[in-house]
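Colleague: Could you take me closely through one part of this model, namely the charged side chains that pair with one another? I would like to know where the partners sit and which of them are buried or exposed.

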Amino acid sequence: MRETIVNILADIADDVDFDTCTTLIDDGILSSLDIIQLIGALNDEFDISIPATEIVPDNFNSVAAMEAMVKRLSDE
């Protein structure tokens with residue numbers, strides 16, 4: 001799952017070390033348009049639906065946070 005998320009992110013912004021970065025939102029590395037694209041890709045790839053309540057910086061600041069969110073939503 002982690003590798004898939006990193007690949008999705010690399011398609012959006014290829015000049016970022018997603019494996020170590022934990023401030024993707026806080027530092028403005030991902031824009032609001034990037035987040036919209038990311039949400040669509042995660043929804044399609046993992047067959048989930050990310051509700052508006054989950055679209056908060058804590059869930060998108062790092063690959064680990066996104067992975068945890070996807071796992072949580074997949075279990076629901």
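What follows is a walk through the salt bridges, with a short look at one residue elsewhere in the chain.

Modeller: Please keep in mind throughout that this is a predicted model. A search of the whole structure finds four salt bridges, and I will begin with the one between Arg 2 and Glu 67, in which the closest N and O atoms are 4.0 Å apart. Because Arg 2 belongs to helix 1 (residues 2-12) and Glu 67 to helix 4 (residues 63-75), this pair ties together parts that are 65 residues apart in sequence. With a relative accessibility of 31%, Arg 2 counts as partly exposed, whereas Glu 67 is buried, its relative accessible area being 16%.

Glu 67 also meets the side chain of Lys 71 in a salt bridge, with a distance of 3.7 Å from N to O. Here both residues lie in helix 4, four residues apart, which is about one turn of the helix. Lys 71 counts as partly exposed, at 43% relative accessibility. Through salt bridges that share partners, Arg 2, Asp 19, Glu 67 and Lys 71 are joined into one network.

Another salt bridge is formed by Glu 54 with Arg 72, and its closest N and O atoms are 2.5 Å apart. This pair links distant parts of the chain, since Glu 54 is in the loop between helix 2 (32-46) and helix 3 (57-60) while Arg 72 is in helix 4, 18 residues apart. Glu 54, at 15% relative accessibility, counts as buried; the cut-off for that word is under 20% relative accessible area. Its partner Arg 72 has a relative accessible area of 36% and is partly exposed.

As a point of reference away from these charged pairs, consider Leu 30, which is placed in the loop between helix 1 and helix 2. Leu 30 is buried, with a relative accessible area of 6%. Leaving aside residues up to four places away in sequence, Leu 30 touches Leu 9, Ile 12, Leu 24, Ile 25, Ile 35, Leu 38 and Phe 60. The C-alpha atoms of Leu 30 and Lys 71 are separated by 21 Å, and the two residues are 41 residues apart along the chain.

To return to your question about burial, Glu 67 is buried and so is Glu 54, while Arg 2, Lys 71 and Arg 72 are partly exposed.

Notes: Residues are numbered from 1 along each chain as its sequence is written. This is a predicted model: local features need pLDDT of at least 70, side-chain atom pairs count only at pLDDT 80 or more; totals for chains, interfaces and linings use all residues. Side-chain values use heavy atoms; hydrogens and water are left out. Helices (H or I, at least four residues) and strands (E, at least two) are DSSP runs, numbered from the N terminus. Buried means under 20% relative accessible area, exposed over 50%, partly exposed in between (1.4 Å probe, protein chains only). Contact means heavy atoms within 4.5 Å.
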